[in-house]
Amino acid sequence: MALADAMRDVVARHESLRTVFAEDEDGVPFQTVLPLHQASLDLRVVDVASGGVGSAIDRVAAHRFDLSAEIPIKAVLLRLSEHEHVLVWLVHHIACDGASMAPMARDLNTAYTARLAGQAPRWTELPAQYVDYTLWQRDLLGDDNDPDSLLSTQIAYWREELADIPQPLQLPTDRPRPHEATYRGASLEFTLDAQLMATVDELARTHGATSSMVLEAALAVLLHGLGAGDDITIGSPIANRTDDNLTDLVGFFVNTWVLRTHLHGNPTFTDLLHHVRTKSLAAYDHQDIPFERLVEALNPERSTAYAPLFQVMFAWQNNHRESFALPGLEVELEWPHSQSAKYDLFFNLVEEAGEGVVGHLEYATDLFDRDTVQRLADRFTRLVRQLAADPGQRIGAVELVEPDERERVLYGFNDTAVETPDVTLPGLFARQVAAAPDAVALVCGEEEFSYAELDERSNRLARVLIARGVGRDSVVGLALPRSTDQIVALLAILKAGGCYLPLDPQYPAERLQFMLRDAAPVLVVTHTDIAAALPDSICPHLVLDDPDSKADITQAPAAPLELADHAQQLAYVMYTSGSTGTPRASPSPTKASSTSPSTTTTQPTHTTAYSTTPHKPSTPPPTNSGSPSSTATPSSSPHPATSTPPPSPTPSTPTTSPQPSSPQASSKSSQKYNPKPSPASKNSGPAATPCPPPQPAKHSAPAPTSTSSTPTAPPKPPWPPPATPPPPPTPPTTPSPSDSP
């Protein structure tokens, strides 16, 4: 048929479409351009129903090429009816880039027209083939062992430009980043209308920039506003067709460059645009080094979880789109949606003449939900509109929050008019034990407790605490690592009527001694290794891993205790830094601690397990990194059925003590805490010994930084190259990940 013959003509015209890649006996890859009689391209016809076109296209697009034996192009004709067909034209990225689409479409049109007339196409011979370009590029770059070569010059530039970039970029993901990226993805569309783009174009002209620079600067502002920091890297593809002789070639020419933006000091958007323009122009002057070679030379810290140097890509597709037509046919060009993601986020913007810009936002489904990405696209559109209308405003003044989000944060989250049960946290926990005794309540490493098991363990320990003097509003020091013991002890203290005082052994000894002296706890619950790190005091210790203590707890009854369920029972005492430099106690009643989980849902029978990361004694406690496994704060759970305790003490995070979560708690936070001991604990011991004077902290000065100058680039060799080409060079075995779909 004419269409099949026309496609074979296109393959014959472009050597890149009939090149295979194999390895020699030493594992070194090499390329071979197949002669025409060996470059087989068969057009397979498949009958499909109209409703199954999408899935049929997906199946073809999922084809995995064997590049060592198979040419990098495949074509399938889907037949919906006698007069309606869909041609799926699939080309591997190693042989084609976005700018190759126009010449390939023109050549297919020319060949199809000729074949309909029973003739071979008569087209102008190409000035060069892709292999000629690769030889010219090798000659252009030179040897990296030569300090005066273009390759060495550009490596030096990028080494200085990308030194000490923060990685990975912090993004508002829906899930933690997996240890190994799966590259599963999806995409959605958004638009920047023609009127908005006219404003963007005018802003670009005014400041000697391009529209893509304006939009990429706006993207940097968006990422900054979403918490990505002040030092942001964004990857961008560049066509890299620096000579007119390359215009009609099909091949992989595209390269990737990295825009590093500094947003320190809250600049105006105009200032940021000038910064982006300067950086972009410098990058264009150093675009010749292949990105893979650059990564190899810079050797950044590598991870299977994210791409090196950048995780967000921005592409501006302004390639001239000629109308694709075949004689005698009505043809419409369709681009299938991506089902993979090379990066966390990929903003792929396509300029449509007179119609504005169509954006394709590709995202990693390992990290993001579709609704989240839709909000990102909406924020980007709204932000571009704000910045284009008023580029003189500072980037910190840009409004990223949508009206409904503002309403929800200011009023929905702070709606305290909901009626709450007059019950303490131990009471809520008891209700959950009765409702779902076998449900999972606590997970820590390999340990897992049901609500009934957690209830029994805390009941035993609570009786031991009562026997040792803990009563109503008694302060009990809690010096335990993240573990099941910590949660059991926390519940036991509350059931005994006491309130807990978190004691972090990583605190300075002076601060710990002040807290012990000021709060005068009846008892300190701890482990042997942590007890040794606490300052000397007369407070008795209950060491949970001590054999005698274990025996006392095991022998205590596990039956439920009679809970004194009064709403003003204290839950915990936190010490803030204090405005005068002296720590101040901030107590919170158990009702205040239980208010939040009681009012954030209307599903009291929902069960959520409490999960905590076990502490490893052989290593220092982790710092507060913000990751889910770094801290365990039960009161933040939105499900009341968990009935988990209020904010648990986290010995590794001394600077992030939870604040009272209700008006009752906050009204006491400005007063010095002076606990009144219960009758059982009045004579528990003399006053604590005074703490020694604090020692001055030692600080080390940061190491000085150095800068290096970039050598001058040598002149480029002439193009086209000499007419007699040497043997084909060794190409990269995989395509660059940075191009339009």
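In the predicted model, strand 4 (residues 73-81) and strand 5 run antiparallel to each other and are joined over 8 bridges. Within this pairing, K74 has L90 of strand 5 as its bridge partner. The two strands belong to an open sheet of 3 strands, arranged in the order 3-4-5 and with mixed pairing. Strand 3 (43-47) and strand 5 (84-91) form the edges of this sheet, each of them pairing on one side only, and the twist from one strand to the next averages 25°. Helix 2 (residues 53-61) lies across strand 4 and strand 5, and its direction makes an angle of about 25° with strand 5.

Side-chain charge pairing was examined next, and 19 salt bridges were counted in the model. One of these joins R184 to D366, with a nitrogen-to-oxygen distance of 3.5 Å. This pair links distant parts of the chain, since R184 is located in the loop between helix 5 (150-161) and strand 6 (185-192), whereas D366 is located in the loop between strand 11 (356-364) and helix 10 (370-389), the two residues being 182 residues apart. D366 has a relative accessible area of 13% and is therefore classed as buried, the cut-off for that class being under 20%.

A salt bridge is also formed between the side chains of R379 and E405, for which the N to O distance is 2.5 Å. Here the connection runs between two helices, with R379 in helix 10 and E405 in helix 11 (residues 403-412), and the partners, 26 residues apart, again link distant parts of the chain. Both ends of this salt bridge are buried, as R379 has a relative accessibility of 13% and E405 one of 9%.

A further helix-to-helix link is provided by K495 and D455, whose closest N and O atoms are 2.4 Å apart in a salt bridge. K495 belongs to helix 14 (residues 484-495) and D455 to helix 13 (residues 451-467), so that this pair, too, connects distant parts of the chain, across a separation of 40 residues. Burial applies to each partner, because the relative accessible area is 9% for K495 and 13% for D455, and values under 20% define the buried class.

Methods: Residues numbered from 1 in each chain as written. Predicted model: local features only at pLDDT ≥ 70, side-chain atom pairs only at ≥ 80, totals over all residues. Heavy atoms only, no water. Salt bridge = Lys/Arg side-chain N within 4 Å of Asp/Glu carboxyl O. Helix = DSSP H or I, 4+ residues; strand = E, 2+ residues; numbered from the N terminus. Buried < 20%, exposed > 50% of the residue type's maximum accessible area, 1.4 Å probe, protein only. Pairing = 2+ DSSP bridges. Axes fitted to C-alpha atoms, helices over the stretch in contact; angles between N-to-C directions. Contact = heavy atoms within 4.5 Å.
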